[in-house]
Structure formats: structure tokens, C-alpha cells
Amino acid sequence: MKKLDFDRLFEEASKNGIVEAEVCLKGTTVTQQKVFDGKLEDYSYHEDTGLSLRGIYQGRMGYSYTEKLTDDAFAELLKNLMDYAGINTREPERLAEPPTGLLQQRAGSPLEKITDPQVREFLLNVEKRAYAYDSRISVVQSLSFRDVETSILIRNTAGVELTDKNRYGVLELLVTARSGEAVETGYSSRKLEELTEDAAEAIVEEACGDAVKLLGAASLASCACEVILRNNAASDLFSQMSRVFQADFVQRDLSRLKGRLGEAIASQELSIIEDPLHPLGTEQRTFDDEGTPALKKWVLKDGILETFLHDRRSAEKAGVRSTGNGFRQSHKSSIEIGPTNLYIEEGEQTLEEMIHAIEDGVIITEVQGLHAGVSPTSGDFSLQARGFLIKGGMISAPLSQITVGGNFFELLHTITAIGSDLRFASPGHKDFGSPSLKISRLTIAGNLESN
Amino acid sequence: MISKGILEDIFHIALSTGADFAEVFMEVNFSTQITTIGGTLEQGMSGRDYGLGLRLLKGLDSVYVYTNDLAPESLRKAARKAAGAMRGQERQIILNLDRKEVRSAHPFCKPPGDVDLKVKLELAKRATAAGRAYHEEIGQVTVSYLDQDQAVTIANTDGLFAEDRRVRTRMLIQAVAEGEGTLSESWTGPGAMKGLEFYDEIQVEEFAREAARGAQTMLHAEYCPAGVMPVVVDNGFGGLMFHEACGHSLEASSVAKGTSVFAGMQGQKIASDLVTLVDDGSITNAWGSLGMDDEGAPTRKNTLIEKGILNHYMVDRLNGRRMGQASTGSARRQSYRFAPTSRMFNTYIAAGSSSQKAIIEATERGLFASRINAGSVNPTTGEFNFSLSEAWLIEDGRITRPVKGATLIGNGRDILKDVDMVGDNLKIEEGYCFASSGALFIGAGQPTLRVSSMTVGGRSGV
């Protein structure tokens, strides 16, 4: 991170009548390599730092940001802050305070010891495995590994100085399978900290397995039936709905969970946890962007809604303590409520056991168009999907050109089994971890005439 | 913004290890984004984006490095980092960066930096008041106001040295209606490649009332029946359907490796005779336009499909190399944080000859998609989906009842062939597109048109 003269910035702020000020410096270093056709096709690298400033001017909080990290950017940064304070009518929130209690400690990442050429070798090996998986794998379209290191520094005029950093790797694979006229794709991504044979095998099995098994997929006649959402599909659906657990959406009347604390809002099988240091999650934080220590908590326990996610502002309004969920999405955002690693607690059944218990049903292995097909406000969803029919406890015909539809809040009550295969499906994005879920009834729409 | 001397240094280092081409994209952007809820400022801020991206090509290999530390020594370090990822002999070139071109083509009067933040807040308040006043069932009105003044310099080792200043603004107005134990929402998003004079030319209240009308209408809608039926898509942002269903599969980024459903089909008939699909980045002051594309080529009108025949793909430099085709001025990126690739600007179906009324009357039973929310596509299989924020049933040639929760799914290959009526009322509206080179400002448009058969995913009727 750069050495900026924050003391001078705070001094300038004070001269301008900004009585309290706080900087939040977010840094990201990413190295990404992509291979195609047996060689490195694309290499990218960046070191990126953004500075957010907030401070109290004439009794109101102002915000501003800059990516120009030189002392000559200070004047504009302060002017933007004062302009914002001039139109802000909200009660100012407090700046970060020294965290109470000790922050948790974490070990360094094994990625520190891995070199660029080792990553390249690993990717070439994955590509070979993908082509060897099945002769119908026609193209390994996209195969990449990115090594991401993020850092944060919060410093303010009250003497708080907090730093944290996190490092993780993400492997992504997209393949095409062809057989005659039939074309299908398969995709998988996962968080990795070590480049192991097991990881290579798992990602190839999922991406290539899906693509090959889906060849020849057809639609079906619309029906309502028992449905398994495989872990990645369940994770995608829940990630799109996670804002209903956020106190800001609740307080704005945009969450249907408003007023339901302490009530059973889901099947008693279902527990949802938020854990800022969950090993499978890409977020790893010991404090939030307001300096509140980040701790593991139950959002939903045995179907009962235990808490919403709070930052300081929403907590004050609700008369509770912040849950440590006040984050800036980037240096360009003010503090908003956000989850770190939200996930559904694992159950005991394997996916195979869940399938065996279904006479007539469908397993959904992929959903598409999440931003389009899910309405977090109403909970209604209708998502383009792919998957397989289940007949007599066995996977049968592949399905495409179908949609799976229902209402999220109703779905919560109709979860009848939870798998033992917890998975965070989109590492590095707004992620939600889920095992595979069995739902007693969802609508599957297809384009075939019913008999 | 960046001196010729530094550029020459960067390029010299960049080509020292075998790269055959190097390109610098530098950006200085002043941006404001504020969100109001119920007319009260909720979040946002103004600030400066600032950085430089350096791309190296060697045949089909690419390297991209970016930094927001623009001190000369840091830029040389970034160039060395990029060059370090290439293997080969130094390439000697004679650089001539003497002539700098200005390629800004979209006039503006009131640049965002000259307008007080209070004025921008007032716009959001006006929209909120109008939305709320529409109906007592309208609860929350959320407005996101955005503007940008992005100055871009692009230089490359072919001797290009060009600038473009991109001034744009937009409001996203979202209305929520409440009642009967449920919530529904709708949005409108007027925007343009203009300064704040844009708001002197439109009435933000009209857009707010339209969002409120949509939300209130859908509050009382029944669930859409699932099944296969003709779908009439209304003019305007309905064009997003073709953006998703066909546009992405015509981008060189999916065509070049042969993975697109439309790869290798240039000159062939892929659509109904009624379909002419255009992508135009040069429409004056349009939201999805640029003065030059993000590789420095002037933007232009590209006719992708002409009367059903696949005429041309959208091609950027790197994918063009793989395909053996020249750039069509179609390279875009969100910011210096992204390497450019082929993307859409303003994409629309050209006008036909039927009236909207005639199209509806000719449809005995079907779905009228009056507002599209959003969608996505798998360019390899051609499978697309999108959701409707407002839809109605067509019964006996008349629009009858609103229906909610509708999703349209299909395959880009089929839908192009199944267009059987095209209206005369072309309209282009404003939105965003998210793909590998980031979130971009796009226009999507069409006249009212009919697809003879589509799969509608809904919840009832089964």
C-alpha cells in the first residue's frame, strides 16, 4: 500500500472545518492466468488502491473517494466531502472506535509459496484432464486461476488504526461438449488455497460431467413436482435473496421478513449462519469497515429467525448491537450492510441418498439469469434451469429449456432434506453457501405439450 | 493527460520481450452517484477514478496490467511486469505519436462537475414526489442518480494517439407498490451521453409516474400461466431480448473460438426476412454511444443481420486476429481495470411496417410483454432467459389482464426465425450490460414485434 500523508490530510480537513475524519484505504492485488489450447493465453496483473474519506462537516457526514493517491488530490477530496455533507440530512453515524476485545488471528495463505509458472503448469494439467475426460468435450473454452490479495486500512482522527488482509485463489473452468447437433456447456468454479490433484479432479468432474451428461437434453411438459436444488443452484438462488436478511432492507419495508424475529419462517431443518472466517468462504474478515469485531452468528436457527444483519446505524435504530456487517462494497461506496459468508448449515444426507428417496422428480444442476429471474422484494422467482429427471430414485433424462419457479418465502417452509455437501458457488462475488436442498414442490415449466 | 515521452518509454519496455503490439488506455473520470430513498439522501458520493491499463499482444497471446499509480517510475515498473509475462525477441518499431486526435463526437453543455450537488438531489426529489403521488399504493420510491465525465486517452504502437471525453448522466427510478400482503416493483431509467442539459429536455416526473404505474399495475396481477404461446414484445427496452438472445452470440468474444451458436454462419440466413439487427455506437448523444471505441477506433453503425442474413459480427482487435477480420469499432471496457473486448453499444431491431394495434389484433391468445426487466444468455448453446417486469395476457386479439412472475426462455437460433410481425414504432431505451469487460452503458431497442412461439415460465396453469 502507498504511503500517503494522512496526518496532513487530517490537518487539511480540520482547517476546512471538518471536525472528525476517517480514511478507509482498500487495496487489491490480483494475478490471473488463463490457458487455452495447451498454452498460456492471457496474463493479467494489477495493484489497485482506492481511498474513501468520510468526516463530519457542519454537523453532517460527508463522503468522497479518489483513486489518485497523491497529496495534490486532497483539495478535491475535501471539497467533494463538504458538498456531500451539504445535502446530507441524516444523523451522522459515529466513526470507528477501537474494537473491544482481541481480534481473531489468522495464519498466512499457502498461496504465498506458489509461483506463476506453478500455476501455469497446474492449469495446463487441468486442461489436459478436461479433454481426457470424454471424447465429446470439444473445447475447453475458458480456464483460469486468479490469486487475489485484498487489504484494508482504517484510520481516523480519534486515533483508531486497524488493518486486515486476506488472500485466496479462484479456479474457474468452462467447457463445451458436442455430439452431433447437440451442444452443452459445463461450468465450475471454486476457491483454492493449494493446487492439488484433488481440486483439479473435482472441478473437471463437475464442469465436464455436467456438459457431457446434459447432451441431448430436452424440455418437458410443465408440471409441479419434488425438486432437488443441487448445492450450486441452491447457493445461486439464496445469494440473490440474501438481502432479505439485511436490517437496512427490513427498515425500508423492502423485506418480507420485517417483524418476524423469533418466528418460524422456515422448515425446522433449516439453519443459516454468517461466519466472517468460514474456511470455504472467500471473505475473511476480523472486523467490519466500522471497526466492529466480526463474529460467527446464527441468522436462522432450526427455522426460527434469530437476527437480521446490522451495521451500527441500523442497530441503533433497532435498539440492538451491530452484528459487524457494515461494509463498503468498494472505495466508491459508503458503508452499507453486507454479508460476509452466509451459509446454510449442512444436513446429513448425501446427494445420492436424497436422489434415491425421490420417486418422480427433478434435480436442478444449474440456474441462469439470477439478476433477472428473482425478485427479492416479493420472493417470486422463475429461473431458466438445466438438470435431470429423477425416476424411481435414479437420475434419468437430461433437461434443458425449462424454468424452475416458485416463491422463496414459501420454499423456506417446504425444504424437506438438506445435504451434507456445503458449497460456496461463486467465490469472489456476493456469495451464499448451500448444501443441496430437497423441496417438496416447485413448478417446472417446459415447452412440451402435456399428455 | 500523459506525455508523449512517458508513452514512448512504456512502449519501448513493453515490446522488449516479443510482444508485437502494445496499447495504453488512460482514464481520468469525475463521477457522482447518489441514491435517495423516499427523497432523502441515503448513500453515494463523488470522486475521481484515475488509472492506466497497458495491454500487450503477441499473436493471440495477451497480457494486461493496470495501476492507479501514474508516477513515471511506477508506469515503467508496470510495463516491465507486463513484458515479463511474454517470451521472445525484442521488436523494433518506429513510433510516431506526434499527432494527437480528438475523437469526441457527442456535444454537451453542462458538464457534471459544473453542476452543484444540490441540483442533482433536487432531480431525485422531484422524481420521488411524482412517483408517490401517482397512487396511494405506491410505497417506497428509490432513485439512483449517476453522472460521469470520463476523459480517455488511448495510444498504441501502431501510432494511434487519441482522446475522447465522455459525458453522461442517468437516473434509475424504482417504485414499489404495497398491498394485499405483497410487494411489487418496477423501474424506468432515462439517460443520455449528455451533460445535465438532458434534464431540461425530459420531464423526470413522467418517468417516475411510469415506474409507479408499472409497480401498481403488477401489484394486482395474477401469476402468469406457464406454457408455449405467441409473445408480442412492445417497443423500446424489449430490444434487450435480442441483445441477449442474439447480440452476445454475435460478439467476436464468443465467435472467435468457434464456441458461439452463430460461429461460421456469416452470409447465411439465420433469421426471418423481417429481422434487421443493428449495433450502432455512433448515435449522437445516445446513452450507449462513444466517440471512439475503447481501442481508439471511431464508433460506427454495424448492420449485424440484414433481412435475415448474418452480415457481420462485432469484432475487436484481439478476437479479430483469431478470426482474420478487421475491427468493427466494437471494443469496449468499463474502465482501465478491464482489457477491452467486443461488446454492444446501442443494439436494435430496425422498424418494419405493421402497427402495434394490428400485431395485437392478429394474436388470438398470447402474452404481451410490455416491460422487460433483465436477462442473460449462454452464447454457446444460444439458450437465453429474461424476466418481465410488466406483462399482460392477450385474449381474442385484445390486451386483457396483467400477469406477474413471467420469464421468457428460448434459443437465439429459434427466436430469430420465429419473428413473424415487426412494427413501425422503433424506440431505443437505456440500460446496462454485464460481461467480461465489465458493466457497460448500452441502448436496447426495437419496434413492437411478435415471436410466433415462445416458452413462458410462470407459476399457474399447471
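**Charge.** I started with the charged side chains of chain A in this predicted model. I found 49 positive and 69 negative ones. The centres of the two sets lie 4 Å apart.

**Surface.** Next I looked up the exposed area of chain A, which is about 17,500 Å². Carbon and sulfur atoms supply 47% of that area. I then checked burial: 61% of the 451 residues count as buried.

**Overall fold.** I counted elements in chain A and got 10 helices and 20 strands. The radius of gyration is 24 Å, and the globule rule gives 22 Å for 451 residues; the two are close, so chain A is as compact as a globular protein of that length. Along the principal axes, the C-alpha atoms fill a box of roughly 75 × 55 × 35 Å. I also looked at contacts with a separation of 6 or more. Of these, 72% join residues 24 or more positions apart.

**Helix H3.** I picked H3 of chain A, residues 116-133, for a length check. At 1.5 Å a residue, its 18 residues should span 26 Å. The end C-alpha atoms are 26 Å apart, which agrees.

Which residues of H3(A) are buried? I listed Val119(A), Phe122(A), Leu123(A), Leu124(A), Val126(A), Glu127(A) and Ala130(A). I noted that Glu127(A) is among them. A reminder to myself: an α-helix has 3.6 residues a turn, so residues three or four places apart point the same way.

What do the buried residues of H3(A) pack against? I found strands S1 (18-36), S2 (39-57), S4 (137-156), S5 (161-179) and S6 (182-192) of chain A. Helix H4 (197-214) of chain A is also on the list.

How values were computed. Residues are numbered from 1 along each chain as its sequence is written. Chains are lettered from A and ligands numbered from 1 in the order in which they are written. This is a predicted model: local features need pLDDT of at least 70, side-chain atom pairs count only at pLDDT 80 or more; totals for chains, interfaces and linings use all residues. Side-chain values use heavy atoms; hydrogens and water are left out. Helices (H or I, at least four residues) and strands (E, at least two) are DSSP runs, numbered from the N terminus. The radius of gyration is taken over C-alpha atoms; the globule rule is 2.2 Å times the number of residues to the power 0.38. Buried means under 20% relative accessible area, exposed over 50%, partly exposed in between (1.4 Å probe, protein chains only). Contact means heavy atoms within 4.5 Å. Accessible areas come from the Shrake-Rupley method with a 1.4 Å probe; for residues, only the protein chains shown count as cover. Lys and Arg count as positive and Asp and Glu as negative; His and the chain ends are not counted. The place of a charge is taken as NZ of Lys, CZ of Arg, CG of Asp or CD of Glu. The expected span of a helix is 1.5 Å times one less than its number of residues.
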